[in-house]
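Q: Could you take a close look at one helix in this model, at how it sits against its neighbours, and then place it in the wider fold?

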Amino acid sequence: WNALRRPSVPISSRVLGKTGMEASMLGLGGNRLLATPGRLDDARALIHRALELGITYFDTARLYPESEVYLGRALGARRDGVFLATKTHARDARGAAAHLHESLERLRTDHVDLWQLHDLRSQDDVEQVCAPGGALEALRAAQRAGKCRLLGVTGHRAPDVIQQCMARFDFDVILVPTNPAEPHFRSFLDSAVPDAVRMGVAVVGMYLYCGGRIAALPHFEGATPYVHFALSQNVSVALVGCDSVQQLEDNVEAARRFVPMSDADQRALVERLEPDAHSLMYYKH
């Protein structure tokens, strides 16, 4: 850590639901640049800059090309100073266990802080992972073996699927979209998030910019309103995927200047996106 420049104004930390664990309220997602093959040097620079800026939450997935490899190589001895999350897209226990073995090797660690079921979309997905021999068995076994500390589930298509998962198993964390287009169609903010808060399940927000589509709009105002909108919801961490160090720095600066958005300002931002909401929420179609 001594080789890193410490931020003059650190990013605030938040508690992860009922777990009592803390992490920076802004996290670095393992997609975008970190999921792009052949970018090891750029990925290392991005990860090191995130550490310099005070980010302690790093999210990745077995499904993301090279992302786990980049994190494993870049974190090195700093691994113990961060909260590391990954995911399995397998729906059966055997496949999930194989994914975790591969993830730990790629991440160069003996455990992850959070292991998640990746992108559950339907009732069939829920039944598969919860059935005997389903992926949930592998998650529970890994936790008992000390290979992961917390268990989670992620989804971006159907809020009711995440609600069913929380009703059927005591997950520690959910990862769901938290952007101002959400209220216009099958909103996670109006359903899964309130349920999670009532149950003490930590909420990690994603798709702050709808996969970059908000940033392409003519009236895009920069990172600040979207970071502040996400952090004004009941989230423990808001994830950002970045294509460059500059994007990361813009998001971190917005997080450092965070003050909760008023209800009126949130409504105004939601209304501004209404004409584009359907295309912005491509991840639900």
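A: In this predicted model, helix 2 and helix 3 lie oblique to each other, because their packing angle of about 40° falls neither under 35 degrees, where a pair would count as roughly parallel, nor within the 65 to 115 range that counts as roughly perpendicular. Helix 2 covers residues 67-75 and helix 3 covers residues 93-107, and their axes are 7 Å apart. On the side of helix 2 the contact is made by E68, V69, L71 and G72, while helix 3 contributes S103, R106 and L107. By character, the residues of this contact divide into three nonpolar, two polar and two charged.

The surroundings of helix 2 extend beyond that one partner. Eight of its nine residues are buried, so helix 2 is largely enclosed by the rest of the structure. The buried residues are S67, E68, V69, Y70, L71, G72, A74 and L75, a list that includes E68, V69, L71 and G72, which also take part in the contact with helix 3. The elements against which the buried residues pack are helix 1 (40-52), strand 4 (57-59), strand 5 (83-88) and helix 3. After helix 2 the chain continues with G76, a residue whose phi is positive, near 50°.

Two of those neighbours, strand 4 and strand 5, lead from the helix to the barrel, since both appear in the order 3-4-5-6-7-8-9-10 in which eight strands close, with parallel pairing. From one strand to the next in this barrel, the twist averages 30°. Elsewhere in the barrel, strand 7 (residues 148-154) pairs with strand 8 (residues 173-177) in the parallel sense over three bridges, and there V153 has I174 of strand 8 as its bridge partner.

As for covalent cross-links, the structure holds zero disulfides. C130 is in no disulfide, and the nearest cysteine sulfur, that of C165, is 6.0 Å away, which is beyond the 2.5 Å within which two cysteine sulfur atoms count as a disulfide. C130 is partly exposed, with a relative accessible area of 25%. C242 is likewise in no disulfide, the nearest cysteine sulfur being that of C210, 16 Å away; C242 is buried, with a relative accessible area of 1%.

Methods
Residues numbered from 1 in each chain as written. Predicted model: local features only at pLDDT ≥ 70, side-chain atom pairs only at ≥ 80, totals over all residues. Heavy atoms only, no water. Buried < 20%, exposed > 50% of the residue type's maximum accessible area, 1.4 Å probe, protein only. Pairing = 2+ DSSP bridges. Helix = DSSP H or I, 4+ residues; strand = E, 2+ residues; numbered from the N terminus. Axes fitted to C-alpha atoms, helices over the stretch in contact; angles between N-to-C directions. Parallel < 35°, antiparallel > 145°, perpendicular 65-115°, else oblique. Contact = heavy atoms within 4.5 Å. Nonpolar A, V, L, I, M, F, W, Y, C, P; charged D, E, K, R; others polar.
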